[in-house]
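Colleague: I've just opened this one and I don't know where to start. Could you walk me through it, question by question?

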Amino acid sequence: MRALIYTVTLNPALDYVLQGEALRFDDINRVRAERFTYGGKGINVSAVLTTIGVPTTALGFLAGFTGRELAVMLAADGIQSDFCMLPQGNTRVNVKLKAQPPLELNAQGPAVDEAAVQSLLGKLCNVRDGDSVVLAGAVPPSLPTDIYETVLKHLQGKDVRVAVDTGGEVLRRTLPYRPFLIKPNHHELGALFGENLRTEAELLRCARLLQAQGARNVLVSRAEDGALLLTEQGNVYTVGNADGTAVNTVGCGDSMVAGFLAGYLKTQDYAYALRLGTACGNATAFSHGLADREAIDRAFSQLHNQVKDESRGL
């Protein structure tokens, strides 16, 4: 049986995306297009994994009629899920107004009680040796800030690769559990140390500090400057970006996590994993939603021979 990648999204969302013109405050704003999409970092990871043919199951919490609709939308796209349904409230709806200026309103989401947390931990009992678990996104207000630590304690004793994509102290507190991968962007990495990181040497210095605290592999996304990877063996790889016009920032980091894990599980080659992760992130940046397979394959081919081993130079 193939290894499975589970993703955990604590506060999923339906994103109500509205296309408009100039935003006015003195009259009614009328939109020219609208659509609903599913959102949440872990869900994005599962969506991209499904696109590239990697088995995945999305876990987390849903509530009410909006939660049921989100599950229907995932199923329609072939994305396997096994969410815990909350007894009260509704999965949040975030409003994304694409206008001048753009405007985003993110809702708070439903309350998650202890019974729901235990239900999630019960579902994680299905995780087998060789599987992977992705913990992605901020912790919602109704949950304790150590929820990721609770999950990691629950997984101890299993041969499971855990990827953590969150920020601040929530990320730092997961490091003693030796996550297989953490993926801060360059701003998040600098914020952890109160610094404005500008050079690859500065990024690498801070990545090594996180590695010393427990992270096995540190993948730093750098927007237009590509990405840097510090592996658990101490090797350093860098890569630029494929050619294309960036039109989207939502889900790029999640796409990178999906591609990196898929690439590593396929080859156990960190350079290949970085190339596929970057291709997935780039393809989403060049798309108006999450990338499709054609866009990923195109970006991947452009990154041929562009991953550089900087182990001796940095």
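Colleague: Let's begin with the big picture: which strands does α8 lie across, and at about what angle does it run to β9?

Modeller: Keep in mind that this is a predicted model. Helix α8 covers residues 252-267, and it lies across β1, β8, β9, β10, β11 and β12. Against β9, the angle is about 165°.

Colleague: In what order do the strands of the ten-stranded sheet come?

Modeller: That sheet is open, and its pairing is mixed. The edge strands are β5 (84-86) and β14 (308-309), each pairing on one side only. Reading across, the order is β5-β4-β1-β8-β9-β10-β11-β12-β13-β14.

Colleague: Is the pairing of β8 with β9 parallel or antiparallel, and which residue stands opposite alanine 136?

Modeller: Strand β8 spans 132-136 and β9 spans residues 161-165. Five bridges join the two, and they run parallel. Opposite alanine 136, in β9, stands aspartate 165.

Colleague: Another helix next: which strands does α7 lie across, and at about what angle to β12?

Modeller: Helix α7 is made of residues 200-212. It lies across β10, β11, β12 and β13. Its angle to β12 is about 40°.

Colleague: Now the sheet of four strands: what is its order, and by how much are neighbouring strands turned against each other on average?

Modeller: This one is also an open sheet with mixed pairing, in the order β3-β2-β6-β7. The edges are β3 (33-39) and β7, which each pair on one side only. Ignoring direction, the average turn between neighbouring strands is 20°.

Colleague: How many bridges join β2 to β6, and how many join β6 to β7?

Modeller: Strands β2 (residues 13-22) and β6 (residues 92-100) run parallel with eight bridges, and leucine 18 stands opposite leucine 97 there. On the other side, β6 and β7 (residues 103-105) run antiparallel, with valine 95 partnered by leucine 105. So what holds such strands together in general is backbone hydrogen bonding, parallel or antiparallel. The counts are eight for β2 with β6 and three for β6 with β7.

Colleague: Which peptide bond is cis in the loop between β6 and β7?

Modeller: Strands β6 and β7 form a hairpin with two residues between them. Proline 101 lies in that loop. With omega near -5°, the cis bond is the one from glutamine 100 to proline 101.

Colleague: Let's look inside. Which residues does leucine 10 contact, leaving aside its neighbours within four places in sequence?

Modeller: The largest nonpolar core has 46 residues, and Leu10 is one of those that touch the most other members, along with Phe61, Leu120, Val133, Leu135, Val162 and Ile182. Apart from that core lies another of 37 residues, including Ala136 and Ile296. As for leucine 10, its contacts are Phe61, Leu120, Ala138, Val139, Pro140, Leu143, Ile147 and Tyr148.

Colleague: Is proline 141 buried or exposed?

Modeller: Proline 141 sits in the loop between β8 and α4 (147-155). Its C-alpha atom is 9.8 Å from that of asparagine 11, though the two are 130 residues apart along the chain. The relative accessibility is 62%, above the 50% cut-off, so proline 141 counts as exposed.

Colleague: And is asparagine 248 buried or exposed?

Modeller: Asparagine 248 is in the loop between β13 (236-239) and α8. Its side chain reaches the backbone nitrogen of valine 250 at 3.0 Å, and its contacts further along the sequence are Thr284, Ala285, Ser287, His288 and Gly289. Its relative accessibility is 10%, under the 20% cut-off, so asparagine 248 is buried.

Colleague: What span should helix α9 have, and how far apart are its end C-alpha atoms?

Modeller: Helix α9 runs over residues 270-285, and 16 residues at 1.5 Å a residue should span 22 Å. The helix is mostly covered, with 14 of its 16 residues buried. At its start, a side-chain oxygen of aspartate 269 comes within 2.9 Å of the backbone nitrogen of alanine 271. The end C-alpha atoms agree with the expected span, being apart by 22 Å.

Colleague: Last one: what is phi of arginine 178 near?

Modeller: Arginine 178 is in the loop between α5 (168-172) and β10 (181-182). At 47% relative accessibility, arginine 178 is partly exposed. Its phi is positive in a residue other than glycine, near 55°.

Notes
Residues are numbered from 1 along each chain as its sequence is written. This is a predicted model: local features need pLDDT of at least 70, side-chain atom pairs count only at pLDDT 80 or more; totals for chains, interfaces and linings use all residues. Side-chain values use heavy atoms; hydrogens and water are left out. A nonpolar core is a set of buried Ala, Val, Leu, Ile, Met, Phe, Trp, Tyr and Cys residues joined through side-chain atoms within 4.5 Å. Buried means under 20% relative accessible area, exposed over 50%, partly exposed in between (1.4 Å probe, protein chains only). Contact means heavy atoms within 4.5 Å. Two strands pair if DSSP finds at least two bridges between them. Axes are lines fitted to C-alpha atoms, for helices over the stretch in contact, and angles run from 0 to 180 degrees between N-to-C directions. A polar contact is a pair of N or O atoms within 3.5 Å; within protein, one must be able to donate a hydrogen and the other to accept it, and residues adjacent in sequence count only if both atoms are side-chain atoms. The expected span of a helix is 1.5 Å times one less than its number of residues.
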